Amino acid sequence: MKPTLRFTHFFCLAIFILLLPLSIFAHGDEVPTDLGVAKDHFTAYGQSDRYELTCYYPELKAGQPAHLTFFVADYKTNRPIDKAELKISAMEDAKMVFEVKILSPGVYELHSTFKGNKIYTLNVQINHPNGADLIGVQGIAVGKKLNTGADVAISPTNQAAGHWLWLAGGILLGGLGMWVVSRRRSRVLTILFLLASAWFSTPNLNPVFAHGDEDHGPAAGGTSYGKTVYAPKETQFLFEISTQSIEKDDYQSAATVFGTVIPSSGGMGTVVVPQSGRITRVNVQVGQSVRAGQTLAVLQQNVGTSDQVNIAANNAGLAVQIETAKARLAAAKREYERLKKIEDIAAGRDVQASEAAFNAARVELQTLEKSAVSANASANQRTVTLQAPIAGIIGAFTLTPGSEVVAGQTLFTVTNLNKIYVEAQVFSQDLPTIQAGNTFLVTSSTNDQKTAEVRIISQAQSLDPGNQSQRVLFEMVNPQGTFKIGEFVTVKAVNQQSSREIAVPNTALTEINGKTAIFHKRAPEQYELTYVQTGENDGSRTLILKGLEESKRIVVSGVYEVKMMYLNQ
C-alpha cells in the first residue's frame, strides 16, 4: 500500500471515529418531548396533521392499576375533540387492554395495567367526524420516579455512560470501514466513505444538561423563559385558547369610518298644529302603523273676540236679508195666486211674469238660509282634521282629548324605516376607498351582529368645520327596522382589488413592552412570543409586514390569558 493512500485511510478512520458518536448523540424526533415543567405528573405527546394528543400520567408501577389522562385537540385550531372513539394498544404488549372514559369535552381517562417497568409506546386510533387517524404516543415510562429536585432536569451520568458505549461502537465500525477500504484500494471509495461520515454526523438536536447555581436565559425581559410560555393543556381548554394556521390569502384593502343613521327623504313626517285650539279626538296610539292620509286627531279651533263680533254682525245682516226675502216671497206668492184664479180673463204674460217672480223669491230665500246655517256652523264648530303625511309608525306623543295646543306645535311624528340613510364622516386618507363600485358594510357600534350592506348615493359636498371631515351619504334598505334613527354605526369600505398577503385576525394581536406581538404555538403546551411589524388594518384583519411566516399556528382566541401566563411565569 502506498504511503499516501495509507495516510488517507487513517485520516478517514479518525474523521469517522470523531463524527459517528456525534451522529448518535445528536438525534431527535419531530414529536415534542416532556418539557419537565410539571412536578406532579409526567407528560407525553403525539400529533399528526389532524389531531394533537397530550398524555398526563403519575408514577406508574408494574402490575398496579394505571390511570392516564389524555387531552385530544384539533391540530390546527387547538379546540377540544369531543365524543371521539379512542382505541388504544401498546406496541410492547399487544395483549394489554385499555378502558377509555370521557371526562369532559376533549378529555379522556385511560385505565390499564402495565406488566413491566420499561418505556411503552401507545398507539391511539381516533375515530371522529373530523376524520380517522392513528397516532403514536412515545415515552410512557413505567417505574420512573417523579423528579422533585428543583435544579436537576436530566441526569448526565447515565447519558455519559451511554455515550461511551456509542463511542466504542463507533471505533469498531470505523475500523471495519478502514479494513474494507484498504482491501479495495480505491480513491473513489475513500472519498465516498468520508462524505458518508460527514453526512451521518449532521445533527438535528443537541443534548443540554441543566444544573443549579448558574443563571440561564436573559437577564431582563420580565420572564425567566425568554420568549416562550408554558401553558398546561387543561388550562388551554379551560380558557378556550384556540389557534389558526397562517397562510397567504387574498387581502382586500379597506377603510373604516364612523357614521350616524338619519332618516331618508320621505322617511320621517311630522304633524304640526295649524292654529291654536283644543283636541277633541285622538285616533291613534304610540307604535301604531298608519297609512298616508289617515286621520290621526281632530282639532277644534279657538275663536277670538274680534272673530266673534264679526260673526255676530254677519249673522245679523243675514237675518235682515232673510226677513226681506220672506216678505218678498209672500207678496210674489199672493200675486201669483190671484192671477192664477183669473187665468181665463188675465193676460198670459202677466201670469208667467208673476210665476217667475215667485220662483225667484223662493230661490233667494233658500240661498240666504243656507248661508246662515253655514255661518252658524263655522262659528260654533271650527274643526280641523290632522292627517298622517306618510305611511309609517307613530312615534311617542303626549296628547289626550281636551288638550289645548298652540299653532306650530308638533303633535305627531311618523317614521318609515324601510329605507334609511347613513351619514359618515370621511377623512382625506380614506377618500380613495370611498368610491362608487366598492363594497360598503355597516355595523352597529353597540352590536357586532347587526350588519347590512349599503350603497353610496352622494359624495361629500361640504366639510365639517370642526374636524375638517367630509360628509358622505349612504343608502340602506332596512325592511325589518333593525337600524334606528340616530344610531351610531361604522362603515367598512372594501376595495374590489385584492392581493396575496399574510394577514391575521385583530384578536391575535397584543402589545408587550410597547411593541405589537403575537403568540404562536411551538408545542402542544408551549407558545412563543413573536414581535411583528403590522401594516394596514381593514377592521377585522391586519397585514403583517415582518416577523411572521406562513404555516405558523397563532393564538386567535384567549390571547389575553396567554399574555398573562407569559408575564407571570
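# Worked exercises on a predicted chain

The protein chain exposes about 32700 Å², of which carbon and sulfur atoms supply 53% (accessible areas by the Shrake-Rupley method with a 1.4 Å probe; for residues, only the protein chains shown count as cover). This is a predicted model, in which local features need pLDDT of at least 70 and side-chain atom pairs count only at pLDDT 80 or more, while totals for chains, interfaces and linings use all residues. Residues are numbered from 1 along each chain as its sequence is written, and side-chain values use heavy atoms, with hydrogens and water left out.

## Exercise 1: confidence

Task: establish the mean pLDDT of the protein chain and where the pLDDT is below 50.

Solution. Begin with the chain as a whole: its mean pLDDT (the predictor's confidence in each residue, from 0 to 100) is 79, and 78% of the residues reach 70 or more. Next, take residues 16-29, where the pLDDT is below 50, although this stretch has 31 contacts in the model beyond near neighbours in sequence (contact means heavy atoms within 4.5 Å). Residues 149-162 also have pLDDT below 50, with 13 such contacts in the model. Where pLDDT is low, the predicted coordinates should not be read in detail.

## Exercise 2: the setting of His41

Task: decide whether His41 is buried or exposed, and list what it contacts.

Solution. First place the residue: His41 is in the loop between α1 (3-25) and β1 (42-47), where helices (H or I, at least four residues) and strands (E, at least two) are DSSP runs numbered from the N terminus. The relative accessible area of His41 is 13%, so this residue is buried (buried is under 20%, exposed over 50%, partly exposed in between, with a 1.4 Å probe and protein chains only). Leaving aside neighbours within four places in sequence, His41 is in contact with Tyr56, Tyr57 and Leu146.

## Exercise 3: the largest nonpolar core

Task: identify the residues with the most contacts inside the largest nonpolar core, and the elements that give two or more residues to it.

Solution. The core (a set of buried Ala, Val, Leu, Ile, Met, Phe, Trp, Tyr and Cys residues joined through side-chain atoms within 4.5 Å) has 30 residues, and those with the most contacts inside it are Tyr57, Leu68, Phe70, Phe114, Leu122, Ile126 and Ile140. The elements giving two or more residues to this core include β2 (51-57), β3 (65-74), β7 (119-127) and β8 (133-141). Taking Leu122 as an example, and not counting residues up to four places away in sequence, its contacts include Leu68, Phe70, Phe114 and Ile140. A second, separate core of 20 residues includes Val422, Val426, Val454 and Val472.

## Exercise 4: strand β15 and an open sheet

Task: explain why β15 is largely enclosed, and which strands stand at the edges of the open sheet.

Solution. Five of the seven residues of β15 (residues 295-301) are buried, so this strand is largely enclosed by the rest of the structure. Five bridges join β15 to the antiparallel strand β13 (residues 277-282), with Arg281 facing its bridge partner Val298 in β15; two strands pair if DSSP finds at least two bridges between them. Five bridges also join β15 to β16 (residues 383-387), again antiparallel, and the bridge partner of Thr295 in β16 is Gln387.

Turning to the open sheet, four strands form it in the order β12-β19-β17-β14, with antiparallel pairing. β12 (268-272) and β14 (289-290) stand at the edges, each with a single partner strand, so one side of each is left without a neighbour in the sheet.
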